[in-house]
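Trainee: Could we go through this model together, one question at a time?
Mentor: Happily! Have a look at it first.

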Amino acid sequence: MDLLLSRRVNSAMMNAILFLFGIILSFPQLQFTEAQIGACYGRDGNNLPPQQQVINLYKSKGITRMRIYDPDEATLQALKGSNIELILGVPNDKIQSLTDSKTATNWVNTNVKPYSPSVKFRYITVGNEIEPSDPLSKNVVTAMQNIQKAINSANLQNQIKVSTAIKTDLVTNPYPPNKGVFSDPALPYIKPIVNFLVQNGAPLLVNVYPYFSYVGNQKSISLEYALFTQKGKNDAGYQNLFDAILDSVYAALEKVNAPNLKIVVSESGWPSQGGVGASDQNAGTYYKNLINHVKGGTIKRPKGPIETYLFAMFDEDLKKGAETEKHFGLFRPDKSPKYQITFN
């Protein structure tokens, strides 16, 4: 009897140990699926730290993904061996030249191939917020196709996806979100892009800014709704503006026969000064709540996390446009944090 009891106890202990070991093994996977936050690194400032210091700051803060807007050599060199995943931008003024396939191949051979795999390229985004009325819009898909062919020739197609980044104002009737549809002027521009993305298994990059929606429609949109602090849901079932905007784009994609196309939020942020609702308190609240929120999904896409890139790493004093454009930074140019934020 004692021997039988001992065997049963040992068996129970072994099962418990295996169970706990299984939980421990699952931790890294859990951390990976939740580590969806990146930060956009713009350089429109005359007082920003050197590129290597910027990469070191990303690493020290646990920011595992980065978006840059042009193939800056010093940034790419500093990224080598960092394990930071990268969105590399093709500047808008280079798009027309990339309609020539040889130029596109040279662009990839110069700016991507020499750095891979030491630099972990994730996406190449051909252009940022091109307006459908812009003459450049007619060149975007051709440039994307040529970059894709160059990526294929370099045998990097399994590592790097080619896309473009759009503004959410290409969607009309965004509320309620289910009624979202691409505007008539946007359709000739966006449909070929969507077809390309579906064919190549690439996501659509979307810059999502509840701040600008709030500023443009304060009568209908409350600050709490924009900052993720609203108590309770509205008549459409939404508790925050970010999800409503994102789902309106998903609804528009469904209407152009792309119901399964993934969206990457390639920019989202809130300014700390320079305009209505722009303050350290509101910006800090937005960033903190956004980081926490994108671990989950939206009503239309409940399975998260949502891959999201915060805009931007630094205040940039040379940014053009409204004064708010200079004050989206998570950090000051001296690398001191503007907000107490845990990124991942």
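Mentor: What follows is a short set of questions and answers about this predicted model.

Trainee: How far does helix α5 reach from its first C-alpha to its last?
Mentor: Helix α5 runs over residues 140-153, which gives it 14 residues. At 1.5 Å a residue, the expected span is 20 Å. The reach in the model is close to that, at 20 Å.

Trainee: What covers the buried residues of α5?
Mentor: Start with the buried residues themselves, among them Val-140, Met-144, Ile-147 and Ile-151. General helix geometry helps here: with 3.6 residues a turn, residues three or four places apart point the same way. The cover over the buried residues of α5 includes α4, β4, β5 and α6.

Trainee: Is α4 oblique or parallel to α5?
Mentor: The two helices pack at about 55°, and their axes are 8 Å apart. Angles under 35 degrees would count as roughly parallel, and 65 to 115 as roughly perpendicular. The angle therefore makes α4, relative to α5, oblique.

Trainee: Which residues of α5 does α4 meet?
Mentor: From α4, the partners are Ser-101, Ala-104, Thr-105, Trp-107 and Val-108. The contact divides into 6 nonpolar, 3 polar and no charged residues. On the α5 side, the residues met are Asn-146, Ile-147, Ala-150 and Ile-151.

Trainee: Is Asn-83 buried or exposed?
Mentor: Asn-83 lies in the loop between α3 and β3, and its phi is positive, near 65°. Exposed means over 50% relative accessible area. Asn-83 has 55% relative accessibility, so it counts as exposed.

Key:
Residues are numbered from 1 along each chain as its sequence is written. This is a predicted model: local features need pLDDT of at least 70, side-chain atom pairs count only at pLDDT 80 or more; totals for chains, interfaces and linings use all residues. Side-chain values use heavy atoms; hydrogens and water are left out. Helices (H or I, at least four residues) and strands (E, at least two) are DSSP runs, numbered from the N terminus. The expected span of a helix is 1.5 Å times one less than its number of residues. Buried means under 20% relative accessible area, exposed over 50%, partly exposed in between (1.4 Å probe, protein chains only). Contact means heavy atoms within 4.5 Å. Axes are lines fitted to C-alpha atoms, for helices over the stretch in contact, and angles run from 0 to 180 degrees between N-to-C directions. Angles under 35 degrees count as roughly parallel, over 145 as roughly antiparallel, 65 to 115 as roughly perpendicular and the rest as oblique. Ala, Val, Leu, Ile, Met, Phe, Trp, Tyr, Cys and Pro count as nonpolar, Asp, Glu, Lys and Arg as charged, and the others, Gly among them, as polar.
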